[in-house]
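Q: Could you take a close look at one part of this predicted model, namely its largest pocket, and describe what lines it and which elements supply that lining?

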Amino acid sequence: GKVEMEKEAFLQLLSAEGFGTVVEVEREAFGTLDSHAHNFEAMALVLHGSLVIHKSDGDFTYNSGDIFHLECNQPHSEVFGEHGVRYLVGRK
């Protein structure tokens, strides 16, 4: 299916960009994460559901098939959609 192809292409992109650790993350419907930062750069492909990421330059909504990117130590908060969210994320 479409998601499998996107997933395969995304994994190749992560590998090419030097993202080593890849994990799948699942979050509950309407859940939130208060402002925080990671000590790694992250790039993720949304597999199912949606989320909104609030950064200093605005709110960004990501749905199934979308890719989001967070710089190392970039503060952000997260709100998960009505179906929760599942995403594949690479870290470096």
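**The largest pocket and its surroundings**

A: In this predicted model, the largest pocket is lined by 14 residues, and those that lie nearest its centre are H38, E78, Y87, V89 and R91. The volume of this pocket comes to about 160 Å³. Sorted by class, the lining is made up of nine nonpolar, two polar and three charged residues.

As for where the lining comes from, at least two residues each are supplied by strand 1 (21-27), strand 3 (42-55), strand 5 (67-70) and strand 6 (76-91). Among these contributors, strand 6 gives the largest share, with five residues of the lining.

Strand 6 also has a partner that deserves a look, since strand 2 runs antiparallel to strand 6 and is joined to strand 6 by three bridges. Within this pairing, T32 is found opposite V79 of strand 6. Strand 2, which spans residues 32-36, is hardly covered, and of its five residues the number that count as buried, that is, with under 20% relative accessible area, is zero.

Ahead of strand 1 (21-27) in the chain comes helix 1, which covers residues 2-17 and holds 16 residues. From its first C-alpha to its last, helix 1 reaches 22 Å, close to the 22 Å expected at 1.5 Å a residue. Just after helix 1, the backbone at G18 takes a positive phi of about 85 degrees.

Terms used. Residues numbered from 1 in each chain as written. Predicted model: local features only at pLDDT ≥ 70, side-chain atom pairs only at ≥ 80, totals over all residues. Heavy atoms only, no water. Helix = DSSP H or I, 4+ residues; strand = E, 2+ residues; numbered from the N terminus. Expected span 1.5 Å × (residues − 1). 1 Å grid on protein atoms, 1.4 Å probe; cavity = no way out; pocket = protein on both sides within 12 Å on 5 of 7 lines; lining within 4 Å. Points joined across faces, edges and corners; volume = space filled by probe spheres on them. Nonpolar A, V, L, I, M, F, W, Y, C, P; charged D, E, K, R; others polar. Buried < 20%, exposed > 50% of the residue type's maximum accessible area, 1.4 Å probe, protein only. Pairing = 2+ DSSP bridges.
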